[in-house]
Amino acid sequence: MDKLSKIKMNKSYLLNGFTNSLPLKLKRRLLDLGFTRGEKVVFCNKSLLGKTYLVQIRGVMLSLRDQIVKGLILE
Amino acid sequence: MIDVILVGNPNTGKTTLYNTLTGKNEHVGNWHGVTVEEKFTTYSYQNHQIRVVDLPGIYHTTPLSFEEKVATDYIYNNRDKLIVNICDASNLTRNLYLTLGLLELGTNVILFVNQIDKKPIRKVDYAKLENLLGIKIIYGNASHKKEVQRLNQAIVNFQVCDNVKYRLPYIKNIDFSPLKTLKNAEKLSIFQKIKLLEDDEMVKSNLNIQENFDQVEQIAQVKYKYIDEIIGKCCDRQLRVYGKSKLDKILLNRYLALPIFLLLLCIVFYLTFFSLGKFLSDGLGFIFDKILFSPLSNLVVSKFGAESAFTSLVQEALIGGVGSVLSFLPQVALLFFFLSILEDSGYLARIAFTFDDILSKVGLSGKSVYTLLMGFGCSTSAVMTARNMEDKNSKIKTGLLTPYMSCSAKFPIYTVLGGAFFGANNIIVILGLYILGVVIAVLLSYIFEKTSLKSKQQSFILEFPPYRAMNLKRVFKLLWQNIKSFITRIASIIVAMNIVLWFLSHFTAKLEFISSQSSSISLLQTFGMILSPIFAPLGFGSWGAVSALLAGLVAKEVIVSSIAMFNGVESANLSALQSSLLISTSAVHFLSPASALSFLVFCLLYFPCVATFSVLLREIGFKWTLIGSCIEFMVAYLSAFVIYTLARSIEYFGMAQVLSILFVAILIIVSLLFLRRRLKKKACPYSDHCGKCKR
């Protein structure tokens, strides 16, 4: 997601892959956690300064830093 | 002997199962990464000796952090052993991803589905799942002994039956064609082929292959598709989201989260150090004095005489020294009680989320919160949890900052000195010291981040555990463990140290005993007097204070016990110890509240105890431990000096005048910085294009 400001809370997005800017290590961890293409991602909350997001994927809640969210291609 | 390895995702109940199987009492918590190193023990079941190993949690067979590497290395090196893969029933999809990884490795696996939540969020047909995966499945609650017996039975039977044929039908959907370029590709095992496609560094270096295949996404896609298929066949629809709670609407509210956390922290500190904690501590001191120490003291005096060396040893080193620390037991217990509730409830992950973006400004992540909060309990165990960090610099940084937290061993010092010099304002002093430790840690982290320890990746990914009602049994087990450790420390280190210090402070260089009437100088006094000029600018240049600080290097509790001993306090009564600090003829005395405050600040920030030092050596290496220790001494000295100078100024000129001078000084510094920035901007010839000027 290039522009984080476009993200709306409690709205679901479809994951369509990862950007090249995302390091392999992080991409690997996200894949381990079930961030596969076509999966539904819901943004549930963000922290005080808006740098950390709370997302729901595959029935699990995860918190992710904005730099990781930027590496997700969402539709 | 049957060897069993417990493997699973973080926070699935591996250590709980380990404790139930073995009867051990290892630390568990509702948080990812409580276990950071392998633990093993042997137990017997039906005439079989079973050696079980508990490993840190992993998400996949490719490690991404230090504690994950510990686990995966152990699995690779012991792949012939039986693996009990623990899965959380509430989060089966994600947990099965690791199961498939273990099956690809060709290990013998028994799946233990742990129903951590009392209300499962989906119904699972385990017989069908067993049939689909082709492995033995046991389900139950890891903390229930009866249910765990079925696992024991399966472990024993597995050795007899052996060799279940695993089913990995998804392998045919993986495109192995990128490996065609390799020589002898057909000789590679399925596991090696998959790991090569995933660009696993360890497998690549073992096979001496440098090529990158970049197929990690393809593999995950195929495996998750297969997991979704089998979950669809044997589970009904998921009823709720794992880790989601209505409570989070309040506790994770952008504007309420921080005030709620601070309020909870204040309540915990108030209950621990003042109202309840103080009442219990005073009561225990009184009971010890009346029942144990006074009769013991009378008995020793009547047998050996009031002036004998043995009477002095018992009265000063054991009763006064050890008794004064022992009376803090209720407060230590209360602090650990609240910390274990925090750990067990699942709120810790929410705190990490709340603080992550604030900490990211100084190069830390939300995961550091766990280490730093645990630092309020015991720095030694807290430093070890820094292994959770994803990159080396974050790990070193978190390890270095943990000793700045006020551990439970430091608050007896705060209570004794604070109570003696600040009376009712003690609450402000203690809270101030706790905050000062955090502020210094944050400032140092910022400096480390800007200089030598820049975090390589800001990779904060944290799974939210569900909230759990307080498990009293677990909390009290943890509490008992900490009480036992506190008493053991007193009975071993503090008693031994007090005897050594008593000897050094009661004998001359010619090994002659110094009685209370004698004016001879002891060994310790000589040593303390040599070092005391170094501390004179900080306001506490007495030999006793310097010797207490040196003794505190062994364990921080020794500072209070040695002060009691040097001052000749012969009871566990706190007020007797506090009064002795105000007498100018005492070995440890402070001339003013300013010097007492300076001593407290120095105690907070100077070197950690020997145990923490040795863990730091192991975790972050000699170089960084040495650098960290030098920084700690410098920071402690400078902070104590600044605090002492400020406090003395307030004593002389009054609060209003000092504050106004400080305000003017800060105003001048800010103006100069602003001016410097403006001048820098104007000096840039390419101000509109160079990109460095933020205009």
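The legends below describe close-up views of a predicted model.

**View 1. The contact between chain A and chain B in the predicted model.** Chain A contributes 38 residues to this contact, while chain B contributes 46 residues. Between them the two chains bury about 4,000 Å², of which 58% is on carbon and sulfur atoms. Three arginines of chain A, namely R28(A), R29(A) and R65(A), supply 18% of the area that chain A buries against chain B, more than any other three residues. Across the contact there are 23 residue pairs in polar contact, both residues of each pair being at pLDDT 80 or more. On the side of chain A that touches chain B, the elements giving two or more residues are β1 (12-18), α1 (24-32), β2 (40-46), β3 (52-57), β4 (60-65) and α2 (66-70) of chain A. Of these, α1(A) gives the most, with 9 residues. Sorted by class, that side of chain A has 17 nonpolar, 11 polar and 10 charged residues.

**View 2. A salt bridge between the two chains, formed by R58(A) and D228(B).** The side chains of R58(A) and D228(B) meet at 3.0 Å, N to O. The count of salt bridges between chain A and chain B is 5, whereas the count over all chains comes to 23 salt bridges.

**View 3. An open sheet that takes strands from both chains.** Six strands follow one another in the order β5(A)-β1(A)-β2(A)-β3(A)-β4(A)-β7(B), and their pairing is antiparallel. The edges are formed by β5 (72-74) of chain A and by β7 of chain B, each of which pairs on one side only. Neighbouring strands of this sheet are turned by 40° against each other on average, with direction ignored. At the edge formed by β5(A), this strand pairs with β1(A) in the antiparallel sense over 2 bridges, and F18(A) stands opposite L72(A) of β5(A). Where the sheet passes from one chain to the other, β4(A) is joined by 3 bridges to strand β7 (residues 461-463) of chain B, the two strands running antiparallel. S63(A) has L462(B), in β7(B), as its bridge partner.

**View 4. Helix α13 of chain B against the sheet shared by the two chains.** Helix α13 (residues 347-360) of chain B lies across β2, β3 and β4 of chain A together with β7 of chain B. The helix runs at about 140° to β3(A).

**View 5. An open sheet of chain B with mixed pairing.** In this sheet of chain B, 6 strands are arranged in the order β2-β3-β1-β4-β5-β6. The strands β2 and β6 (136-140) of chain B stand at the edges with a single partner strand each, so one side of each is left without a neighbour in the sheet. From one strand to the next the twist averages 25°. Strand β1 (residues 2-8) of chain B pairs with strand β3 (residues 48-54) of chain B in the parallel sense over 5 bridges, and among the residues involved, V4(B) has V52(B) in β3(B) as its bridge partner. Strand β5 (residues 108-114) of chain B and β6(B) also pair in the parallel sense, over 5 bridges, with K136(B) in β6(B) as the bridge partner of I110(B). Helix α4 (residues 126-133) of chain B lies across β5 and β6 of chain B and runs at about 150° to β6(B).

**View 6. The hairpin of β2 and β3 in chain B.** Strand β2 (residues 39-45) of chain B and β3(B) pair in the antiparallel sense over 7 bridges, and T42(B) has R51(B) in β3(B) as its bridge partner. The hairpin has 2 residues between its strands, and Q46(B) in the turn has a positive phi of about 45°. The side chains of D54(B) and K39(B) meet in a salt bridge at 3.9 Å, N to O. Because D54(B) lies in strand β3 of chain B and K39(B) in strand β2 of chain B, the pair ties together parts that are 15 residues apart in sequence.

**View 7. The surroundings of H589(B) in a loop of chain B.** H589(B) lies in the loop between α23 (574-580) and α24 (593-605) of chain B. When residues up to four places away in sequence are not counted, H589(B) touches S542(B), L581(B), I583(B) and S584(B). The side chain of H589(B) reaches the backbone oxygen of S584(B) at 3.3 Å, and a polar atom of the H589(B) side chain lies 2.8 Å from the backbone oxygen of S586(B).

Technical notes:
Residues numbered from 1 in each chain as written. Chains lettered and ligands numbered in written order. Predicted model: local features only at pLDDT ≥ 70, side-chain atom pairs only at ≥ 80, totals over all residues. Heavy atoms only, no water. Contact = heavy atoms within 4.5 Å. Buried area = accessible area lost by both parts, 1.4 Å probe. Salt bridge = Lys/Arg side-chain N within 4 Å of Asp/Glu carboxyl O. Polar contact = N/O pair within 3.5 Å; in protein donor to acceptor, adjacent residues only side chain to side chain. Helix = DSSP H or I, 4+ residues; strand = E, 2+ residues; numbered from the N terminus. Nonpolar A, V, L, I, M, F, W, Y, C, P; charged D, E, K, R; others polar. Pairing = 2+ DSSP bridges. Axes fitted to C-alpha atoms, helices over the stretch in contact; angles between N-to-C directions.
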